[in-house]
2 protein chains.
Amino acid sequence: MQLIYVLLTMADSSHPLPSDTPNPLLRLENQLCFPLYAASRMLTKAYQPLLLELGLTYPQYLVLLLLWEHQELTVKELGEHLLLDSGTLTPLLKRMEQRQWLRRRRAPHDERSVIISLEPAGEALRGPACRIPEQLLDRLGMPEAEFIALRTQLNHLLTRLQ
Amino acid sequence: MQLIYVLLTMADSSHPLPSDTPNPLLRLENQLCFPLYAASRMLTKAYQPLLLELGLTYPQYLVLLLLWEHQELTVKELGEHLLLDSGTLTPLLKRMEQRQWLRRRRAPHDERSVIISLEPAGEALRGPACRIPEQLLDRLGMPEAEFIALRTQLNHLLTRLQ
DNA sequence: TATTAATTAATTGCACACAATTAAAACTTA
DNA sequence: TAAGTTTTAATTGTGTGCAATTAATTAATA
């Protein structure tokens, strides 16, 4: 497989393969994107039973992680951290506001911005949430070196993608 | 598990903790899940302009990758490969059927199963799609060793998650 | 064989994601 | 300062994902 990869990536692109030639690069198992896509969904699913006890979805959990660190953030700042736009965040944050986990208010000095801040009920979730990362690491049963190597490589990929 | 080791190795010392953040494992940057989640979305977004030329979404592209390999598959088999259930696949496949890329029919020997097979328009997408993996590799500008290492590690993670 | 269990898709309802557009506020600059 | 530009959220519309349920078919078994 690695040889094929080398050959194809080094091939002269002015002489493309005929379309009926089996192309190993088109095989699902040779893609990078698929294991990334699938592992992301499966890992989110692994969080599900733990988050369900707190009534949280996974992206809501990410928002809380940031708010536990920063107390308050604008929608724009949340979007920069999470790489999400207002089309995703606005309805998500409204649902979290209804649950009284956070508050949304316009910034007094700049009415364009909306400041998201923790409410007591949102603060209160931090205690029970503290155990989630450990529980997940246990469930993964992944060697630390592998965990850290993978996280590092994913962060590199993320840098390349921005 | 080995909590002390985990804490020491997973905390990112270039970003000192606020005094009121008791658990480094709760910081967004120390999670594995977030770069996985974000990189998956960003990589899908990188495919977008290439897929848009063919009128495809990313999961539709994955379905075609499998059909180009296997000619026909049941919904169940597609779901096993892609780790998706009928709740996702049925409407997705109906949209692809409307575009005449594929056909859905009940298996004659087992009326529970639905066989998905390529139509000419779906076959015809294979030629133009052939260049997508290479174009994406170019765009990533990722060393081949890193590409393969990351893919291998993601496949390991995927195995752990099943 | 009759009944029960298991399998397979489809359906329903909800929550993301995200492109594209809109609207309000703040900034720039002529 | 007036006009145009930029910034920030919200809105709209489409397409996933997925849990839970339903319905039809097949398999298992008493």
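Which chain A residue has a backbone N or O atom 3.1 Å from a phosphate oxygen of DNA strand C? I looked, and A:Glu111 is the one with that backbone atom. I count a polar contact as a pair of N or O atoms within 3.5 Å; within protein, one must be able to donate a hydrogen and the other to accept it, and residues adjacent in sequence count only if both atoms are side-chain atoms.

Ground rules before I go on. This is a predicted model, where local features need pLDDT of at least 70 and side-chain atom pairs count only at pLDDT 80 or more, while totals for chains, interfaces and linings use all residues. Residues are numbered from 1 along each chain as its sequence is written, chains are lettered from A and ligands numbered from 1 in the order in which they are written, and side-chain values use heavy atoms, with hydrogens and water left out.

**Entry: DNA strand C**

I found 29 residues around DNA strand C, with B:Tyr37, B:Ser86, B:Thr90, B:Lys94 and B:Arg104 the closest. Near here means that a heavy atom of the residue lies within 4 Å. Of the strand C atoms that come within 4 Å of the protein, 79% are sugar and phosphate.

I then checked chain B for phosphate partners. The side chain of B:Arg41 puts an N or O atom 2.8 Å from a phosphate oxygen of strand C. B:Val114 uses a polar backbone atom instead, at 3.4 Å from a phosphate oxygen of that strand.

By class, I get seven nonpolar, ten polar and twelve charged residues on this surface. My classes: Ala, Val, Leu, Ile, Met, Phe, Trp, Tyr, Cys and Pro are nonpolar, Asp, Glu, Lys and Arg are charged, and the others, Gly among them, are polar.

**Entry: DNA strand D**

Which residues come nearest to DNA strand D? They are A:Tyr37, A:Thr90, A:Lys94, A:Arg104 and B:Thr57, out of 29 around it. Sugar or phosphate makes up 77% of the strand D atoms within 4 Å of the protein, and bases the rest.

On the chain B side, polar side-chain atoms of B:Thr57 and B:Gln60 reach phosphate oxygens of strand D, at 2.7 Å for B:Thr57 and 2.8 Å for B:Gln60. From chain A, a polar backbone atom of A:Val75 is 3.3 Å from a phosphate oxygen of strand D.

**Entry: the sheet of chain A**

I traced an open sheet of three strands, in the order β1-β3-β2 with antiparallel pairing. Strands (E, at least two residues) and helices (H or I, at least four) are DSSP runs, numbered from the N terminus; strands pair if DSSP finds at least two bridges between them. The edges are β1 and β2, each pairing on one side only.

β1 (72-74) and β3 (110-118) share three bridges, whereas six join β2 (102-107) to β3. A:Ile116 of β3 is the bridge partner of A:Leu73 and also stands opposite A:Arg104. Two residues sit between β2 and β3 in their hairpin.

**Entry: α3 against α4**

How do α3 (58-70) and α4 (75-82) of chain A pack: at what angle and how far apart? I read about 115 degrees, with the axes 11 Å apart. Axes are lines fitted to C-alpha atoms, for helices over the stretch in contact, and angles run from 0 to 180 degrees between N-to-C directions.

A:Leu62, A:Val63, A:Leu66 and A:His70 of α3 meet A:Leu78, A:His81 and A:Leu82 of α4, where contact means heavy atoms within 4.5 Å. That contact has five nonpolar, two polar and no charged residues.
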